[in-house]
Amino acid sequence: MVIYIRLQWWAGDPLSTPLVLIGKAMAGILIAFFLITSALYWTNAYNTQKFPILMTELYDTSGNKYCISKVLNGDLLISNATTYKEYSVTHLTSFRIASHALLFAAISTGLVQVLTKHGRYESFEVVDRKPSWTERKKIFTNLVSRSSHVDSVSIGIERPLGGLSYDDVEDEADDLYLNDVGFVREWLPGVCGWLRSLEVSDFWIQSCWRRSEVLSLISSCCHNLHKLVLKNAWLSADGLNAMPTLTDLTLEFIRLDDEDLGKVNSCFPSLQILNLIGVGGLKEPKIHLSIKNLTVNISKWAESAEMANFNLEQLLVAFPNAQYLTLGPGSWLEVGTCFHTGGSEVSVIRTKEITAHLFVKDVEITLSLIFFVLERCAKLTDMALLIHRGVESSVASDLMSRCTARSARVRWRWGFWKEGMKDAWVSDGI
């Protein structure tokens, strides 16, 4: 389990090298390359006074540059050991002798440090194997509170279980609860003036049953925020204030207490990019904003009885102004299942591009759903479809050819996807 923190400063870098360390480095250079080198030269160690003090070339016994061709053959091997001894052994300048000595000393110092500190580290780990995540949150709070002009803050839990089972994790604890209003209030007001981007990825086991009002806190503090990403949390919309500068909103695996997205409509008037991935708690979502890019994965929506029959037709009605629509794997599965339950008339759909991850269980149903999209979206110009890798190649080829033949006005793009793997595109602009 790793808690990650990423900060980006708007002006300057508070983590720049301190002047003390710069002074120590300069002192080391003076001692190493001036004092040691001068001492070697003036004491005539290794006959260094015969050679220049700061040169790096090899020299012979007489003080001339070493002629390698006298002792090496064409294969760069010593042709005759006697010739080598008769000519001269190689000699180094005092500068090069000091450089080699310090290099070997540095390597030895690293090995000695590892050997001397490894035992102490292991004894410390035996005493306390459980990391203090509360202390790490305090470190983050202190770091942010002492910083100024912070442009971006990203904090979250990476690999939350780390090989552990859910039974080994204490859900009653709050040491990894990052959307805790008390924790956020400790550091957010100090950096909110310059903040442009904020991301908080919570620990679901501790946050799923705790209702957080962090949205209200963020909206009351961050008046210049452009991008907001919240993941793995239960969020309340109570007390949410207007955020006219926010243009990019991502809610991923969120339980949202805003059934119809009314608060989103009223408080985020400038929203251009909206990503709703695994969002629960919705009943009749409707977006009136002029959103250009919309990413939806409605697999969580169907868990609600009110959203059980939420199909593609209703999705297009809920987001009529989205020009670029991306449907996650769960979304396509749900709209495909509920496809035949729709029957209402659909208003003009402004969607120009659609990207979808397909589950092809029945090729005829999938084709019917694709053709339905083509009929309803008169302004559609681009269709990017990713077929699950488990689908037989013959079925995938048949699907591609029939779709391409159906509509020549659409620019088709095809690819394949699978859970845990990167999407692979095989065609571009058919």
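**Exercise 1. How many salt bridges does the structure hold, and which residues are linked in a network of salt bridges?**

Solution. The model is a predicted one, and it holds eight salt bridges. Begin with K231, which forms a salt bridge with E199, the closest N and O atoms being 3.6 Å apart. This pair links distant parts of the chain, since K231 lies in strand β5 (residues 227-236) and E199 in strand β3 (residues 197-201), 32 residues apart.

Next, look for a further partner of K231: E252 forms a salt bridge with K231, and here the closest N and O atoms are 3.9 Å apart. This pair also links distant parts of the chain, with E252 in strand β6 (residues 248-257) and K231 in strand β5, 21 residues apart. Taken together, E199, K231 and E252 are linked in a network of salt bridges.

**Exercise 2. Classify K231 and E199 as buried, partly exposed or exposed.**

Solution. The cut-offs needed are that buried means under 20% relative accessible area and exposed means over 50%, with partly exposed in between. K231 has a relative accessibility of 21%, so K231 counts as partly exposed. E199 has a relative accessible area of 17% and is therefore buried.

**Exercise 3. Which residue forms a salt bridge with R406, and in which helices do the two partners lie?**

Solution. The partner is E375, and the closest N and O atoms of the pair are 3.5 Å apart. E375 belongs to helix α11 (residues 363-376) and R406 to helix α12 (residues 393-406), so that the pair, 31 residues apart, links distant parts of the chain. As for accessibility, E375 counts as exposed because its relative accessibility is 51%, whereas R406, with a relative accessible area of 44%, is partly exposed. As a general point, side chains of opposite charge can pair when their charged atoms come close.

**Exercise 4. Work out which side chains of strand β9 are buried, and place β9 beside the strands with which it pairs.**

Solution. In a regular strand the side chains alternate between the two faces of the sheet. Strand β9 (residues 324-327) shows this alternation: L325 and L327 point to one face and are buried, while Y324 and T326 point to the other face and are not buried.

Now turn to the neighbouring strands in the pairing. Strand β8 (residues 293-297) pairs with β9 in the parallel sense over four bridges, and the bridge partner of L294 is L325 in β9. β9 also pairs with strand β10 (residues 353-358), again in the parallel sense and over four bridges, where L327 stands opposite A356. Thus the two buried side chains of β9, L325 and L327, belong to residues that take part in these pairings, L325 with L294 and L327 with A356 in β10.

**Exercise 5. Describe the protein as a whole, and state where the pLDDT is below 50.**

Solution. The protein has twelve helices and 13 strands, and 41% of its 430 residues count as buried. Among contacts between residues at least 6 apart in sequence, 69% join residues at least 24 apart. The accessible surface comes to about 23300 Å², of which 56% belongs to carbon and sulfur atoms.

For confidence, the mean pLDDT is 79, and 77% of the residues reach 70 or more. Over residues 300-309 the pLDDT is below 50, and this stretch has 25 contacts in the model beyond near neighbours in sequence. Over residues 339-348 the pLDDT is likewise below 50, with 15 such contacts. Where pLDDT is low, the predicted coordinates should not be read in detail.

How values were computed
Residues are numbered from 1 along each chain as its sequence is written. This is a predicted model: local features need pLDDT of at least 70, side-chain atom pairs count only at pLDDT 80 or more; totals for chains, interfaces and linings use all residues. Side-chain values use heavy atoms; hydrogens and water are left out. Buried means under 20% relative accessible area, exposed over 50%, partly exposed in between (1.4 Å probe, protein chains only). Contact means heavy atoms within 4.5 Å. Accessible areas come from the Shrake-Rupley method with a 1.4 Å probe; for residues, only the protein chains shown count as cover. Two strands pair if DSSP finds at least two bridges between them. A salt bridge is a side-chain nitrogen of Lys or Arg within 4 Å of a carboxyl oxygen of Asp or Glu. pLDDT is the predictor's confidence in each residue, from 0 to 100.
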